[in-house]
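User: I am in my first year and would like a close look at a single part of this protein, namely its salt bridges. Please explain them carefully and then place them beside the other parts of the structure.

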Amino acid sequence: YWRMSDRRNRDKFLHMWELSKPVIAAVHGWCMGGGSWYAVAAHMTFADTEAVFAQPEVRHMDNTSFFWILNAGYKNGLRYSLTGDHIDAQEALRIGIVNKVVEPDQLLEEAFSVVERIALVSPETVKINLAVATMGLEMMGLHKALTLNAELSALAHTSVSEEGRKKFTDAQKTSGLRGYLQERDGPFQPEPFGPRSQPR
């Protein structure tokens, strides 16, 4: 099940990545888990000052995405892919997973201003220049990296025993989703960045 599921996810990312028109993400607020993967897999990503990125699912037997490593670099990518720690928009800008940070009321305007500038270039030229970047990365091994990501993700999903999962499922049974998240994220509080960087 997990192998097929993670391969489908890989195919979705590659489909988006290989489109002939650039995909531009505009991130407002919480951008967690798979949502963060789509944001970092986009060709360009803009965020507002309220954006928070993270992969907290790695804390409970789930996988990261190679796109985090590709965009943030090896050391920064690992820093957040191995802990699931939250990062705010400024840290996302510093490590390279977003292009620019703006105020919330400027986010869509900023994204569309780039779209309008790209539209000044002929569509054929945009398509070719986008392919220079995306196909270049694929020739350097991106497709293989994402395929391996999918294979290893299936292992990550099954890397914790039933006994290891029990504390999460027990917390969910007694306290619902809030209890599950507290069991998973509580030991990591406070987060290094974002709204949960201060003790409650």
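Analyst: What follows goes through the salt bridges one pair at a time and then turns to the cavity and the nonpolar cores.

Please keep in mind that the model is predicted. Side chains of opposite charge can pair when their charged atoms come close. In this structure there are 11 salt bridges, and a few of them can be followed in detail.

Let us begin with Arg94 and Glu91, whose closest N and O atoms are 2.8 Å apart in a salt bridge. Both residues belong to helix H5, which covers residues 89-95, and they are 3 residues apart, about one turn of the helix. Is each partner buried or exposed? Arg94 counts as exposed because its relative accessibility is 53%, over the 50% limit, whereas Glu91 counts as buried because its relative accessibility is 6%, under the 20% limit.

A second pair, Glu110 and Lys100, meets through its side chains in a salt bridge of 3.4 Å from N to O. This pair links distant parts of the chain, since Glu110 sits in helix H6 (residues 107-119) while Lys100 sits in strand S6 (residues 100-102), 10 residues apart. Glu110 is buried, with a relative accessible area of 18%, and Lys100 is partly exposed, with a relative accessible area of 37%. Beyond such pairs, salt bridges that share partners join Arg59, Arg79, Asp85, Arg184, Asp185 and Glu191 into one network.

Lys100 can also be placed relative to Leu152, a residue of helix H8 that is partly exposed at a relative accessible area of 46%. The two residues are 52 residues apart along the chain, and their C-alpha atoms are separated by 32 Å.

The third pair leads us towards the cavity. The side chains of Asp11 and Arg10 form a salt bridge at 3.0 Å, N to O; Asp11 is partly exposed, at 40% relative accessibility, and Arg10 is buried, with a relative accessible area of 16%. Arg10 is also one of the residues lining the largest cavity, together with others including Asp6, Phe13, Trp37, Asn63 and Ser153. Helix H1 (2-17) and helix H8 (142-157) are the elements that give two or more residues to this lining. How do the lining residues divide by character? There are 4 nonpolar, 6 polar and 2 charged residues. The volume of this largest cavity is about 110 Å³, and a search of the whole structure finds 1 cavity of 30 Å³ or more.

Having looked at charged pairs, we can now set the nonpolar residues beside them. In soluble globular proteins, nonpolar side chains tend to be buried together. The largest nonpolar core here has 26 residues, of which Phe53, Phe67, Trp68, Ile87 and Ile97 touch the most other members. At least two residues of this core come from each of H1, helix H2 (34-41), helix H3 (66-72), H5 and H8. Helix H5 therefore takes part in two ways, because it holds the residues Arg94 and Glu91 and also supplies residues to this core.

To see one member of the core more closely, consider Ile87: leaving aside neighbours within four places in sequence, Ile87 is in contact with residues including Phe53, Trp68, Tyr80, Ile95, Ile97 and Phe193. Apart from the largest core lies another core, of 5 residues, among them Phe46, Val102, Leu107 and Val114.

Conventions
Residues are numbered from 1 along each chain as its sequence is written. This is a predicted model: local features need pLDDT of at least 70, side-chain atom pairs count only at pLDDT 80 or more; totals for chains, interfaces and linings use all residues. Side-chain values use heavy atoms; hydrogens and water are left out. On a 1 Å grid over the protein atoms alone, a cavity is a set of points where a 1.4 Å probe fits but cannot get out, and a pocket is an open set with protein on both sides within 12 Å along at least five of seven lines; lining residues have an atom within 4 Å of a point. Grid points are joined across faces, edges and corners, and a volume is the space filled by probe spheres set on the points. Helices (H or I, at least four residues) and strands (E, at least two) are DSSP runs, numbered from the N terminus. Ala, Val, Leu, Ile, Met, Phe, Trp, Tyr, Cys and Pro count as nonpolar, Asp, Glu, Lys and Arg as charged, and the others, Gly among them, as polar. A salt bridge is a side-chain nitrogen of Lys or Arg within 4 Å of a carboxyl oxygen of Asp or Glu. Buried means under 20% relative accessible area, exposed over 50%, partly exposed in between (1.4 Å probe, protein chains only). A nonpolar core is a set of buried Ala, Val, Leu, Ile, Met, Phe, Trp, Tyr and Cys residues joined through side-chain atoms within 4.5 Å. Contact means heavy atoms within 4.5 Å.
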